[in-house]
Amino acid sequence: MRRGSVDRKTLETDISVTLDLDGRGQAQVCTGIGFFDHMLTAFAKHSGFDLTVTAAGDLEVDGHHTVEDVGISLGQALRQAVHAGKGIARFGEATVPMDEALVQAVLDISGRAYLAWDVPYRAPMIGDFDTQLTVEFFRAFVHNAAITLHVRKLAGENDHHIVEAAFKAVARALGAACRRTGSDEVLSTKGSLQG
C-alpha cells in the first residue's frame, strides 16, 4: 500500500490528511479556505492521487497556520507513502499552461529538502486566500516530504491562473516521479533516498 496518513493537532490547527498514490485523482477537502480547497482538489486530480484533507484552523487570525500545517501534513503523508523510494521513477517534470499563465515544476524525490521558487504575483488575495501563502505551503510540503522542487513562472498576469498552474504543474510532476518502474530498486547509486 502506497498510502500515508497524518493527524496533526496544535493549539492553532487540527488537521487530518490521507494520501493514496495509487488512487484515481479523487479528493475530499475541507480547510475553510475556498480557493485553497480548490487548489488541493486540483492537486489530487492532476497527480492521480486520492487525497483527503480536513482542517480546522484559527482562521479568525488568518489562513497562514492552516495552509502551512496542511503543507506539513501532506509532506509527511507523501514521505510515508513513498517509503524508502523503492520502485519509483524519482524524477518528474511538468509545464502547465492556464490561459496566459505558464508554470514549470521539476522535482526529485531525493530525501533532501530544497525549494527553488520563482513565481511572482501581484494580487495580495485570491478570493479568501492570501497569495503569499502559496510559497509557504510548498515550503512546508517540500521540507516534510524531503524532496527537491523547482517551480518557476514562465508567463502570466492573472494570479489565479498563475497559482493554479503552479499547483497543477507540481501535481503532474509528482505523479510522474511516483510512477512505478517495475523494479524494487531505489533509483540511486547510493542505494538510498534517505538524505
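1. Two strands count as paired if DSSP finds at least two bridges between them. Helices (H or I, at least four residues) and strands (E, at least two) are DSSP runs, numbered from the N terminus. In strand β10, Leu102 has Ala155 as its bridge partner.

2. The model is predicted: local features need pLDDT of at least 70, side-chain atom pairs count only at pLDDT 80 or more, and totals for chains, interfaces and linings use all residues. Residues are numbered from 1 along each chain as its sequence is written, and side-chain values use heavy atoms, with hydrogens and water left out.

3. One open sheet has four strands in the order β1-β2-β4-β3, with mixed pairing. Its edge strands, each pairing on one side only, are β1 (3-9) and β3 (27-30). Direction ignored, neighbouring strands in this sheet are turned by 5° against each other on average; axes are lines fitted to C-alpha atoms, for helices over the stretch in contact, and angles run from 0 to 180 degrees between N-to-C directions.

4. Strands β2 (residues 13-20) and β4 (residues 50-57) run antiparallel and are joined by eight bridges. Within β4, Leu51 stands opposite Leu19. Helix α2 (residues 64-82) packs on the sheet and touches β1, β2 and β4 (contact means heavy atoms within 4.5 Å); the direction of α2 makes about 145° with that of β1. Helix α1 (residues 34-47) lies across β3 and β4, and runs at about 160° to β3.

5. A further open sheet has four strands in the order β5-β6-β10-β7, and the pairing is mixed. The edge strands here are β5 (91-98) and β7 (114-118), each of which pairs on one side only. Neighbouring strands are turned by 10° against each other on average, direction ignored.

6. Seven bridges pair β6 (residues 101-108) with β10 (residues 148-155) in the antiparallel sense. Leu107 has Leu149 as its bridge partner in β10. By contrast, β7 and β10 run parallel, joined by five bridges, and Tyr114 stands opposite Thr148 in β10.

7. Helix α3 (residues 133-145) lies across β7 and β10, at about 160° to β7. Helix α4 packs on the sheet and touches β5, β6, β7 and β10; the direction of α4 makes about 150° with that of β5.

8. Helices α1 and α4 (residues 159-177) pack at about 35°, with axes 8 Å apart. The crossing is right-handed (the near helix is turned clockwise from the far one by less than a right angle; anticlockwise would be left-handed). On the α1 side the contact includes Phe35, Phe36, Met39 and Phe43, and on the α4 side it includes Val163, Phe167, Val170 and Leu174. By class, this contact has 10 nonpolar, five polar and three charged residues. Ala, Val, Leu, Ile, Met, Phe, Trp, Tyr, Cys and Pro count as nonpolar, Asp, Glu, Lys and Arg as charged, and the others, Gly among them, as polar.

9. The largest pocket holds about 150 Å³ of space. On a 1 Å grid over the protein atoms alone, a pocket is an open set of points where a 1.4 Å probe fits, with protein on both sides within 12 Å along at least five of seven lines; lining residues have an atom within 4 Å of a point. Grid points are joined across faces, edges and corners, and the volume is the space filled by probe spheres set on them. Among the lining residues are Arg2, His83, Lys86, Arg180 and Asp184. The lining divides into three nonpolar, four polar and four charged residues.
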